[in-house]
Amino acid sequence: MQGENDRTEEERRPNAGRGWGLLWLVFMIWLVFSMWPRPREAAEVPYSTFLTQVREGNVESVRIAGSEITGTFEQAVTWPQPTPANGEATPPGNAPAPAPAPSPFPGMGAPETPRPYQRFETTFPEVVGDEALLPLLREQDVTVEVAQPASPWLAMLLANALPLLLLVLFFVWMGRNASRAQSGIFDFGRTRARRYDADRPTVTFADVAGVEEAKTELQQVVDFLREPKKYRDLGARIPRGVLLSGPPGTGKTLLARAVAGEAGVPFFSLSGSEFVEMLVGVGASRVRDLFERAKKEAPVIIFIDELDAVGRRRGAGLGTVNDEREQTLNQLLAAMDGFEPHQEVIVLAATNRPDVLDPALLRPGRFDRQVEVGLPDRKGREAILRIHSRKLPIADDVRIEEVANGTTGFSGAQLANLCNEAALVAALRNQRMIAMEDFEEARDKVMMGGKRALVMDKYQRRIVAYHEAGHAVVAWLTPQADPVHKVTVVPRGRALGVTAQLPEEERYNFSREYLLARLSVLIGGRVAEELVCGDITTGAENDLVEATRLTRRMVTRWGMGSLGFVAFETDDEQPFLGYSFAHGKDYADATAARIDQDVQRLLEERHEYVRRLLTDNQDGLERLTEALLEQETVGQEALEEILGPRRQPQEITVVRRAA
Ligand code: ADP
Ligand code: MG
Ligand code: ZN
């Protein structure tokens with residue numbers, strides 16, 4: 001989200017400061033320049049030397065201003081006079097050898113090097129006076145000019161006080177700057193929340209699709225903020241907090257922005273992680289500050305994104321970071337209790353881990369309303385695709401419904417990405433419109449990763465082809481498995497080949513049969529390698545990890561192993577070094593051994609089953625492998641040609657057993 005007045009007062013200041021700084025810079029440069037020592041134009045001679053020069057007839061003119069005498073020589077005089085090298089006495093009548101003239105760099109000590117001067121200056125001995133000067137000058141025919149003495153206080157001021165004044169001003173300015181910077185340091189406890197105003201065109205509910213229940217819920221919140229009286233007259237209490245939860249990319253943040261756009265009230269937004277900093281106590285004080293600010297502007301909406309960053313269950317994890325987080329959470333809990341009934345402050349929050357949130361956050365009076373923002377269904381996907389392709393030049397052959405059909409399991413963010421990728425593909429192909437083909441290419445890219453140019457020798461390619469054909473054949477022959485949509489041996493993403501399965505409809509609940517089918521498909525790749533190549537490769541690493549994880553869950557969480565109807569790990573996604581670290585396992589070591597055995601047994605069984613399946617269908621495997629080596633990518637229709645029509649899963653038969 002962005003907006004002009006997101007900028008705080010402090011952020012706007014530096015502009016003025018920069019102007020001043022520039023001025024000061026110019027000033028300082030001028031100052032240094034004006035004080036930079038320059039070679040003198042006039043020799044500064046003692047009065048006696050001046051008299052000598054007059055007597056010798058070498059002075060052309062003098063100018064007398066007060067006690068200051070300046071003038072020009074007839075012939076240039078070298079000054080300071082070189083000291084006689086052989087220690088000869090100074091010529092009689094001459095003034096005693098003058099002390100070396102003051103250096104032009106006062107205090108720097110370097111004696112002036114002798115050079116010829118046409119001009120000179122000296123000081124008239126005002127106190128003792130010299131009656132003989134004027135007659136002498138007249139006698140020598142020197143032009144004499146007399147001027148008012150320069151006003152000494154002005155000169156003094158200009159020469160001494162001004163730089164000093166500037167210096168003082170400079171320090172004052174520095175000091176003010178520093179103090180401002182310092183207040184920045186102590187600003188930590190202030191909230192970083194950005195404030196959005198309603199009168200700026202932002203996201204509206206029309207930009208969100210496929211999450212109708214969430215939209216309905218939030219529309220009520222908006223309605224309440226617009227017309228609180230209607231609700232209050234009926235004695236209704238609107239929820240204090242609304243928690244949006246759901247997988248990443250389903251539009252939680254987008255929904256909150258839409259609420260901001262529609263509600264017509266101030267909207268404070270910040271991310272949970274912004275509460276917590278290195279400094280202890282900052283988070284809590286930020287929460288306090290945020291709610292203070294919000295209360296002053298009620299009715300108002302506060303939006304905390306990624307709530308799990310602060311809202312994790314207390315008592316989990318180790319170290320000061322957690323102490324800090326707990327303090328922040330406690331403050332948040334207190335703040336949400338601290339509203340008066342008439343204060344119209346609604347706290348929206350979003351998380352994709354509602355399971356790790358502290359239960360205290362979810363009790364009535366706090367985030368008592370939870371809105372599930374799920375993955376969009378077919379209709380939702382279509383609507384989202386329409387929103388994101390609104391501004392794209394779409395060719396006539398593009399059927400959005402079909403794209404929606406083929407993107408089961410995609411989140412809103414992935415669909416938005418798909419539209420963008422399609423446009424990129426079209427641009428790369430120098431088309432002026434985005435065609436259906438581009439959407440298909442884009443979908444493959446989003447699903448399987450981008451193509452990679454990898455040089456593989458024939459042997460390696462063949463192994464990859466067998467591996468992928470193994471996955472595909474097993475999936476094809478197992479009715480419960482998700483249908484294969486495409487098999488390819490073009491390296492994509494991190495994989496050397498991909499077998500893409502696409503569920504026909506959303507699944508909300510997984511049956512044991514389905515999970516076993518999934519296991520079989522995962523194992524299929526490795527088994528094909530074993531059967532045909534007689535050797536196995538590391539290419540099955542991911543499959544193996546995935547299969548093991550799945551089996552373990554079946555045994556420990558879903559009671560699908562032979563250990564019976566029991567869940568061993570109730571909380572397997574606990575925070576790092578969290579609960580289980582502190583609490584230990586919920587079962588005995590002997591049970592752990594039995595779990596391991598059961599996982600192994602299940603995997604072995606599947607391995608055996610797949611081995612039989614592929615042995616029985618080895619010619620299908622060979623045909624698909626050849627097709628893959630030839631065409632690189634084999635789609636659904638081609639698969640049907642190669643492997644025959646796919647068997648459909650049977651209807652569920654109701655099994656009734658006599659007791
Ligand atoms: P979340 O916060 O749930 O992780 P976001 O709200 O940040 O996801 O979504 C990221 C982007 O994906 C959005 O900016 C939007 O472009 C797109 N998007 C996600 N869900 C939807 C949806 N339901 N309708 C329209 N666009 C969506
Ligand atoms: Mg988000
Ligand atoms: Zn594989």
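**Exercise 1. Place Thr-408 in this predicted model, and decide whether Thr-408 is buried or exposed.**

Step 1. Find the element. Thr-408 sits in the loop between α13 (400-405) and α14.

Step 2. Check the accessibility. Thr-408 has a relative accessible area of 7%. Buried means under 20%. Thr-408 is therefore buried.

Step 3. Look for a polar partner. The side chain of Thr-408 reaches the backbone oxygen of Asn-405 at 3.5 Å.

Step 4. List the contacts beyond four places in sequence. Thr-408 is in contact with Arg-381, Leu-502, Pro-503, Glu-504, Glu-505 and Glu-506.

**Exercise 2. Describe the shell around ligand 1: how many residues surround the ligand, and which are the closest?**

Step 1. Count the shell. 15 residues surround ligand 1. The closest are Ala-209, Gly-249, Lys-252, Thr-253 and His-388.

Step 2. Sort the shell by type. Seven residues are nonpolar, six are polar and two are charged.

Step 3. Read off the backbone approaches. A nitrogen atom of ligand 1 lies 2.7 Å from a backbone N or O atom of Ala-209. A polar backbone atom of Gly-249 is 2.7 Å from an oxygen atom of the ligand. For Gly-251, a backbone N or O atom lies 3.0 Å from an oxygen atom of ligand 1.

Step 4. Ask how much of the ligand is covered. On its own, ligand 1 has 560 Å² of accessible area, and the protein covers 80% of that.

Step 5. Name the contributing elements. α7 (252-263), α12 (378-389) and α14 (412-428) each give two or more residues to the shell.

**Exercise 3. Work out the zinc site: which protein atoms are the donors of ligand 3?**

Step 1. Identify the donors. They are His-467 (NE2), His-471 (NE2) and Asp-543 (OD), lying 2.1 Å from the zinc ion.

Step 2. Write the spacing. Along the chain the donors follow H-x3-H-x71-D.

Step 3. Map two of the donors onto helices. His-467 is in helix α16 (residues 458-477), and Asp-543 is in helix α18 (residues 541-556). The two are 76 residues apart, so the pair links distant parts of the chain.

Step 4. Check burial. Both His-467 and Asp-543 are buried.

**Exercise 4. Return to helix α16 and find what Ala-475 touches.**

Step 1. Place the residue. Ala-475 belongs to helix α16.

Step 2. Check the accessibility. The relative accessibility is 0%, so Ala-475 counts as buried.

Step 3. List the contacts beyond four places in sequence. Ala-475 touches Ala-481, Asp-482, Val-484, Gln-501, Val-521 and Arg-646.

Step 4. Compare sequence and space. Ala-475 and Ala-517 are 42 residues apart in sequence, with their C-alpha atoms 7.6 Å apart.

**Exercise 5. Where is His-485, and which side chain does it meet in a polar contact?**

Step 1. Place the residue. His-485 is in strand β12 (residues 484-488).

Step 2. Check burial. His-485 counts as buried because its relative accessibility is 10%, and the limit is under 20%.

Step 3. Find the polar contact. The side chains of His-485 and Arg-443 are joined at 3.2 Å.

Step 4. Add further contacts. Beyond four places in sequence, His-485 touches residues including Asp-444, Met-447, Leu-502 and Gln-636.

**Exercise 6. Inspect the backbone at Pro-80, Asn-430 and Glu-632.**

Step 1. Take the proline. The peptide bond from Trp-79 to Pro-80 is cis, with omega near -5°. Pro-80 lies in the loop between β3 (68-79) and β4 (115-123).

Step 2. Take the asparagine. Phi of Asn-430 is positive, near 60°, in a residue other than glycine. Asn-430 is in the loop between α14 and α15 (436-448). Its relative accessibility is 70%, so Asn-430 counts as exposed.

Step 3. Take the glutamate. Phi of Glu-632 is also positive, near 70°. Glu-632 is found in the loop between α21 (618-631) and β14 (633-635). With a relative accessible area of 35%, Glu-632 is partly exposed.

**Exercise 7. Summarise the whole chain: how many helices and strands does it have?**

Step 1. Count the elements. The chain has 22 helices and 14 strands.

Step 2. Give the buried share. Of its 659 residues, 40% count as buried.

Step 3. Look at contact range. Take contacts between residues at least 6 apart in sequence: 78% of them join residues at least 24 apart.

Step 4. Finish with the surface. The accessible surface comes to about 37500 Å². Carbon and sulfur atoms account for 55% of that surface.

Notes. Residues are numbered from 1 along each chain as its sequence is written. Chains are lettered from A and ligands numbered from 1 in the order in which they are written. Side-chain values use heavy atoms; hydrogens and water are left out. A residue is near a molecule or strand if one of its heavy atoms lies within 4 Å of it. A polar contact is a pair of N or O atoms within 3.5 Å; within protein, one must be able to donate a hydrogen and the other to accept it, and residues adjacent in sequence count only if both atoms are side-chain atoms. Accessible areas come from the Shrake-Rupley method with a 1.4 Å probe; for residues, only the protein chains shown count as cover. Helices (H or I, at least four residues) and strands (E, at least two) are DSSP runs, numbered from the N terminus. Ala, Val, Leu, Ile, Met, Phe, Trp, Tyr, Cys and Pro count as nonpolar, Asp, Glu, Lys and Arg as charged, and the others, Gly among them, as polar. Buried means under 20% relative accessible area, exposed over 50%, partly exposed in between (1.4 Å probe, protein chains only). Contact means heavy atoms within 4.5 Å. Donors are N, O and S atoms within 2.8 Å of the metal (3.2 Å for Na, K and Ca); water is not among the atoms, so sites may look incomplete.
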